[in-house]
Amino acid sequence: MTAALRFDPIRLPSECEQLRKEVRAFLAEEIAAGTFDPHKPNREDTDVPEFSRKVGARGWLGMTWPKKYGGHERSFLERYVVTEEMRVANAPTRRFFVADRQSGPVLLKYAPEHIKMEILPRICRGEICFAIGMSEPNSGSDLFAAKTRATKTDGGYLINGTKIWTSSAHIADYMIAIFRTSPPTKENRRHGLTQFLVKMKQPGIQVNPIGQITGQYEFNEVVFTDHFIPDDHVLGEIDGAWKQATSELAYERSGPERFLETYYVLTELVRAVGNNPDTRSAEGIGRLVAQVHTMRRMSVSVAGMLQAGKEPVVEASIVKDIGTIWEQQLPHRVRELAAFVEETATNRETLEKQLDFAIKTAPKLTIQGGTTEVLRGIIARGLGLR
Amino acid sequence: MAESENIVAETAEKIFADLADAQTINRDQKGEWKAPLWQALSDAGLPLSWVPENCGGSGASLAEGFSVLSAAGRFAVAVPLAETMLAGWLLAQAKITSPGGEMTVVPASPKDRITVNADGSLSGRARGVPFAKVAKHFAVLASNAKGDFAVALVDGGKCRIETGLNLGGDPSDVVTLDKVQPVTIKPAPTGFDQARLMLMGGVARSLQIAGALESMLDISVRYSNERVAFEKKISKFQAVQHNLARLAGESAAALAAATSAADAIANATSFNDEVFLEAVAAKIRCAEAAEKGGGIAHQVHGAIGFTIEHILHRYSLRALAWRDDFGSESFWAVELGKLVARRGADELWPLVASR
């Protein structure tokens, strides 16, 4: 066989089911207390610092990290369960999600010890927020085209240039960003990029919000003017960020957040059709549930491979590719079925509002975290075509 | 996968590789490959994988049998292996000993009914029964007026067969039982109903479809690395690469859904809503993958893949045909939708996240 894809039927161990109960109970309490409304995904207040601290206090941040950095040394599958329950409940995870999924693991691998000791426990307590500085004006998925310069100076680097589409930069305490430390070489286009830990809210950094078509403000433009970064904030190898940035993408690409972003419209449709649906609605719901079930089986399977220490790069890319297309199509398919919902359905207005928001959200899903085109290139490489 | 599963699957895989090479089969218009293949499969005990040793079978586990079906799908074999395995499994549910030779199951559609008459004979009509024409015996699931299910072993020669062919060119026949006296008839175990048989058959077909897609991906990738157009291998064109990446996605989804469903059934202690979701979702998703994935495989191959000489149709047409057996994806989607609606909105996620 040319491409031996594997998706073993991983089952979540019993400790995960116990944990799932705890997370559901916690979320139910928070919903009852009015911290957030699970039926209202288009709220303005996606950043809720108090919620973040409570999640940290429960031990659900940095779950897989070493205890000496505030982590909990639990399994990747346990973290998976927490992530999917938060996502399905539409919990306000904005403040901690990026740090927990990506920034923390990067620091664990590449930061000097004193920085790990200083920052990682604060992530685990849910106190601080991270942004990721990759895209630049006119670069986007083409990371090689990044131009923002880091110029060597006494004791550190001076940063000049602009990052863009930076989610959460306006609330972030830190950003992990790549900057150009030397030009690419003829032999290696990937050469010359370095990863840095940037402390936000410092001189030389200006954050300009960019509104989205959903009406929300998540994106930002971040302008650096002679911003100083000390030497010990370099993460990993000078000029060698390309490999670092790509090696951990399996974690970013296969998680439950990659197929559940618009899931809420399906739940609300089921509520709207009631217990005794007509044939068309029943078939439509059945097909959608079969899809989400399959996506989840694939995603859990990749989580199991990661837990077993494997590097399922192709499998993870496939999950992201078909997962984001699925969550992009879902609101449109639900909209078709919503035409048959009775006028008297009590949640009709909620469903309509959700659809409005989900349909507006959909276009970004195949762009964030690696565009569909880039992912298909990675899959093609895995198939031996490139 | 446990080591013992590998041994059974490896045996099947080796027999298929030796005796069911797609190229050889495609060239042999008279079907002379069938007898030696069936003989080898029978010698290895594979058709009766799911029959306990005390009922004349080889007593393999459900999981081992499912891995044989995956292998059969990868070779898109057109002998009644899956059908005989299912028939043996159904007979074993009622502790009926399986005879040797080819078998199939009746009915093969959730809409067809076979009834047990007061005198113990069987009546009814079943459409789309795979390989009925070549099967010596049928394993029949029938119900009486009270709705109690029974399993019967029936001599195929006593039934009326109207022959037909499915999309892949394999026998798909109408079987009519007109007061046929079975060889043996015994009550089905408590709770065993037609849905159970259909879902078991559906999972078997899901594994076969997933296997066929794996092979379609394999031969499509290989072809794209050989075929030159516009002075380049077509695998170097980004559009072709992206199509193959999508095919890999469909293949992966089918594989994940089918193997998960097989695992769920193999380890089920009861046939609950979670097992139902696994089985039905596999049939729905694999059927969709057969359509989308098969379409891409043909697109990559161009005109050559549309010819009878090429092996692609052996996989693509069978995968499309298997969608219809034991309940199509539309049929099961309605059933799944009803189940989800009955449980209610707040019980959907707990169902999906139950394992």
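This report walks through a predicted model, from its domains and cores to some single residues.

**Domains and cores**

Let us start with chain A, which is divided into domain 1 (14–128), domain 2 (132–240) and domain 3 (249–382). Between the C-alpha centres of domain 1 and domain 2 of chain A there are 25 Å. Where these two domains of chain A meet, 23 residues of domain 1 are in contact with 17 residues of domain 2.

Next come the nonpolar cores. The largest nonpolar core holds 160 residues, and B:F16, B:L81 and B:L336 touch the most other members. Helix α6 of chain B (residues 194–224) gives the most to this core, namely 16 residues. Chain A takes part too: domain 1 (14–128) and domain 3 (249–382) of chain A each supply at least three residues to this core. Another core lies apart from it and has 19 residues, including A:A131, A:A172, A:A177 and A:I229.

B:F16 is a good place to look at the surroundings of one residue. Beyond its neighbours within four places in sequence, B:F16 is in contact with B:D21, B:L37, B:L41, B:V68, B:A71, B:A72, B:F75, B:V77 and B:L81.

**Salt bridges**

Over all chains, the count comes to 50 salt bridges. Three of them are set out here.

| Salt bridge | N to O distance | Residues apart in sequence |
|---|---|---|
| A:E218 and A:R94 | 3.1 Å | 124 |
| A:E257 and A:R101 | 2.7 Å | 156 |
| B:R343 and B:D273 | 2.8 Å | 70 |

In the pair A:E218 and A:R94, the side chains meet in a salt bridge at 3.1 Å, N to O. A:E218 belongs to strand β7 (residues 217–230) of chain A and A:R94 to helix α4 (residues 94–110) of chain A, so the pair ties together parts 124 residues apart in sequence. A:E218 has 8% relative accessibility and therefore counts as buried.

A salt bridge also joins the side chains of A:E257 and A:R101. Here A:R101 sits in helix α4 of chain A, while A:E257 is in the loop between α7 (249–253) and α8 (264–273) of chain A. Both A:E257 and A:R101 are buried.

Turning to chain B, a salt bridge connects B:R343 with B:D273. B:R343 is in helix α10 (residues 329–343) and B:D273 in helix α8 (residues 273–301) of chain B, so this pair links distant parts of the chain. B:R343 is partly exposed, with a relative accessible area of 25%, and B:D273 counts as partly exposed at 26% relative accessibility. Elsewhere, salt bridges that share partners bring A:E17, A:R20, A:R24, A:E84, A:E85 and A:R296 into one network.

**A buried acid with no salt bridge**

B:D173, in strand β7 (residues 172–180) of chain B, makes an interesting stop. B:D173 is buried but has no salt bridge, and B:K133, the nearest side chain of opposite charge, is 6.8 Å away. With the cut-off for a salt bridge at 4 Å, this distance of 6.8 Å is too long to count as one. A polar atom of the B:D173 side chain does lie 3.2 Å from the backbone nitrogen of B:A132. Among the residues that B:D173 touches are B:R127, B:F131, B:A132, B:K133, B:I161 and B:T163.

**A threonine facing the other chain**

A:T294 lies in helix α9 (residues 279–307) of chain A and counts as buried at 1% relative accessibility. From chain B, A:T294 touches B:A253, B:A257, B:A281 and B:R285. Its side chain also reaches the backbone oxygen of A:A290 at 2.8 Å.

**Backbone exceptions**

Most residues other than glycine have a negative phi, and most peptide bonds are trans. Against that background, a few places stand out. The peptide bond from B:V106 to B:P107 is cis, with omega near -5 degrees, and B:P107 is in the loop between β1 (103–106) and β2 (114–116) of chain B.

A:E73 is not a glycine, yet has a positive phi of about 50 degrees; this residue is found in the loop between α2 (49–57) and α3 (76–88) of chain A. A:D239, also not a glycine, has a positive phi of about 70 degrees. A:D239 is in the loop between β8 (234–235) and α6 (241–247) of chain A, and at 18% relative accessibility A:D239 counts as buried.

Definitions and conventions
Residues numbered from 1 in each chain as written. Chains lettered and ligands numbered in written order. Predicted model: local features only at pLDDT ≥ 70, side-chain atom pairs only at ≥ 80, totals over all residues. Heavy atoms only, no water. Core = buried A, V, L, I, M, F, W, Y, C linked by side-chain atoms within 4.5 Å. Buried < 20%, exposed > 50% of the residue type's maximum accessible area, 1.4 Å probe, protein only. Helix = DSSP H or I, 4+ residues; strand = E, 2+ residues; numbered from the N terminus. Domains from an automatic or database assignment. Contact = heavy atoms within 4.5 Å. Lys, Arg positive; Asp, Glu negative; His and termini not counted. Polar contact = N/O pair within 3.5 Å; in protein donor to acceptor, adjacent residues only side chain to side chain.
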